[in-house]
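I opened this model to look around. These are my notes, in the order I made them.

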Amino acid sequence: MRKVDLIVIGAGPAGMSAARRAAQQGLDVLILDEQPAAGGQIYRNVGQANAKRSEILGKDFIHGQTLTKGLDHANIRHLKGAVVWQIEEGTRVSYTQNGIGAIVEGQRILLATGALERPMPVPGWTLPGVMTAGAAQILLKQSGIACQNAVLVGSGPLLYLIATQMVRAGVPPLAIVETQTKADLAKSMRHLVGALRGWSYLLKGLHMLWELRRAGIVRHVAATDVAIEGDQRAQAVVFITGKTAHRIECDTVLMHHGVVPNTQAARSIDIPHQWDAAQSCFVPDCDAAGRTAVSTVFIAGDGAGIGGAKAAALMGEIAALEIAHDLERLTKTDRDAATQDLHKLLATERSARPFIDAAYPPYAGAIAPADETIICRCEEVTAGDIRRFAGLGCLGPNQTKAFGRPGMGPCQGRYCGLSVSQILSATNDMSLDDTGYYRIRPPLKPVTLGELASMDVSASEG
Amino acid sequence: MKTALPFREIDPVGNKVSITFGGIDLMLPLGENLAGALLVAGVMPFRNTPVSGAPRGPFCMMGACYDCLVQIDGMNVQACMLQVSEGMEITMPVVGGTADA
Ligand SMILES: Cc1cc2nc3c(=O)[nH]c(=O)nc-3n(C[C@H](O)[C@H](O)[C@H](O)COP(=O)(O)OP(=O)(O)OC[C@H]3O[C@@H](n4cnc5c(N)ncnc54)[C@H](O)[C@@H]3O)c2cc1C
Ligand code: FES
């Protein structure tokens, strides 16, 4: 079995900057990421971007190249297309690469698995042609593919970013249907002064809105009763603003109302999680350096709580320095000297977050969906089903599995877990912490017999 | 050529290779993300659900939702996690078979 000092899972900004910093401290680092190139979600395929794509995607995107270049270090090995499916004893990681399974052992493990888009269950969201807005952005970054005749639905800065990128690509969206309200904006105002420390984000937001306006993009705000119509595929988005009912015909619908930590790996090793009311999601318990209850396992980046790419990179560095200290490559004094400034920068990075979270809350209609709305896309379980299970005495998400199999399909609850917890919590009038979340068990991704069989060989070869 | 398809390549690159989807011949860019290339070629849906037979296509493009499952060499695989290679023979996953192999 191969042994290294540090295994980093995820090659996004958090994982890349952690790997670089740890390597500089003399640690032997292995990065595993299921994608074929480094970058994570924000800097997807940044190393391969041509001039045209760079112009469309913007300066913030191209900045990612400094991080991907940083992986070029003698102490770093990056395994591309390596899907991690099990973590054991806080030190052993099983993964599959090119259909072959393998195990590697690390003295420390850093989970840098990032975020997922918050599930947005509305009627019709399972129709072909409906995708997450992030998926549309991935198509653009990775393949230079644009979605035509698209309507963007939801809320948040990422929605505006994707809209501006589509405008620059010459394929502007037909409209943006936004779910946040004036009341949300009013509530966010009390965070405005704090947010001024993160003024560059506010400025970027205003600039994006200006760019969209100049391009003549129609924005509908405070939309309610959002639904997608279509028979074999998405054909129109319907919604209400004020007293007006709208229907926009389209070919693609791109949904987004924020991102939430991808907690699958952390949950699979029983790291405790808490409900974060401000961000409306569960976050793993970890200290300021990212250390979890499993003392050899750290978490950095959006997987530890949503903070964006720059915060993710800073958290990665902080965790790397702590790990270097653990493994006696860095004295306590040197660690403290190095992390002090990073913590200050991190606080500034995070300062605009409370404002953004309050101004762009999740869409209420998708948090308490109508009964007939599908919640679990894999097993086609509806919101009404979940409420019925609650009526039968079901208190937590795990129990619902026995009634109707939600969360038991191949996605393992990634796009229904939060919804099921929130519907149960509301129906049973119980807190989210008491309601809890699905118990996640390995394998984190389906593994084939062939992959398992190949693994014994590579494991014993050492 | 002007196309009415919902997905369009803005900067076509790469040489194309032949593959089949459900027995139909398609020319797709070598090395391109398979889900993306199939979308541009007008393929939709990718599969029908085992529960109700409802049509589905790519949703997350990041390997998390499994709505892009297709069958290659008898195995169900995520199209968004693969690249186009010469001669791929792709079919829809068999409804009633295992969706999560
Ligand atoms: C679809 C999407 C698009 C986004 N686009 C933007 C944007 O344009 N601008 C912006 O500011 N923010 C964007 N975000 C927010 C984004 O989460 C952060 O800005 C930033 O990418 C977080 O960095 P990270 O390092 O924490 O995680 P990520 O960048 O998400 O990286 C996590 C990495 O872990 C890998 N991974 C996860 N699980 C496994 C596993 N089991 N095995 C192997 N590898 C695994 C993933 O492949 C991924 O590369 C986006 C988020 C999503 C979900
Ligand atoms: S589109 Fe979600 S897994 Fe491929």
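**Helix H6 and what follows**

I began just past a helix: Gly170(A) follows H6(A) and has a positive phi, near 80°. Helices here are DSSP runs of H or I with at least four residues, strands are runs of E with at least two, and both are numbered from the N terminus. I noted that this is a predicted model, in which local features need pLDDT of at least 70, side-chain atom pairs count only at pLDDT 80 or more, and totals for chains, interfaces and linings use all residues. Residues are numbered from 1 along each chain as its sequence is written, chains are lettered from A and ligands numbered from 1 in the order written, and side-chain values use heavy atoms, with hydrogens and water left out.

Next I checked the length of H6. Its twelve residues, 157–168 of chain A, should span 16 Å at 1.5 Å a residue, and the end C-alpha atoms are 17 Å apart, which agrees. The expected span is 1.5 Å times one less than the number of residues. I then looked up burial. Leu159(A), Tyr160(A), Ile162(A), Ala163(A), Thr164(A), Gln165(A) and Met166(A) are buried in H6(A). Buried means under 20% relative accessible area, exposed over 50%, and partly exposed in between, with a 1.4 Å probe and protein chains only.

**Salt bridges**

How many salt bridges does a search of the whole structure find? It finds 24 over all chains. The test is a side-chain nitrogen of Lys or Arg within 4 Å of a carboxyl oxygen of Asp or Glu.

I picked Asp60(A) and Lys204(A), whose side chains meet at 3.2 Å, N to O. This pair links distant parts of the chain, with Asp60(A) in helix H3 (residues 59–62), Lys204(A) in helix H9, and their positions 144 residues apart. Asp60(A) is partly exposed at 41%. Lys204(A) is partly exposed too, at 33%.

Then I took Glu379(A) and Arg405(A), with closest N and O atoms 3.2 Å apart in a salt bridge. Glu379(A) sits in the loop between strands S21 (374–376) and S22 (381–382), and Arg405(A) in the loop between helices H16 (397–404) and H17 (417–428), so the pair ties together parts 26 residues apart in sequence. Glu379(A) is buried, with a relative accessible area of 16%. Arg405(A) is partly exposed at 40%.

Lys332(A) and Asp336(A) pair at 3.4 Å, N to O. They are four residues apart in helix H12 (residues 332–350), so about one helical turn separates them. Both belong to a salt-bridge network that also includes Arg108(A), Arg291(A), Glu322(A), Asp326(A) and Arg335(A).

**Cores**

I turned to the nonpolar cores. A core is a set of buried Ala, Val, Leu, Ile, Met, Phe, Trp, Tyr and Cys residues joined through side-chain atoms within 4.5 Å. The largest has 96 residues, and Val29(A), Leu32(A), Val93(A) and Leu111(A) have the most contacts inside it. Helix H11 (residues 309–326) of chain A gives the most to this core, eleven residues. Another core lies apart from it, with 74 residues, among them Trp125(A), Ala175(A), Leu26(B) and Cys80(B).

**A glycine in H4**

Last, I looked up Gly64(A), found in helix H4 (residues 64–70) of chain A. Is Gly64(A) buried or exposed? At 0% relative accessibility, Gly64(A) counts as buried.
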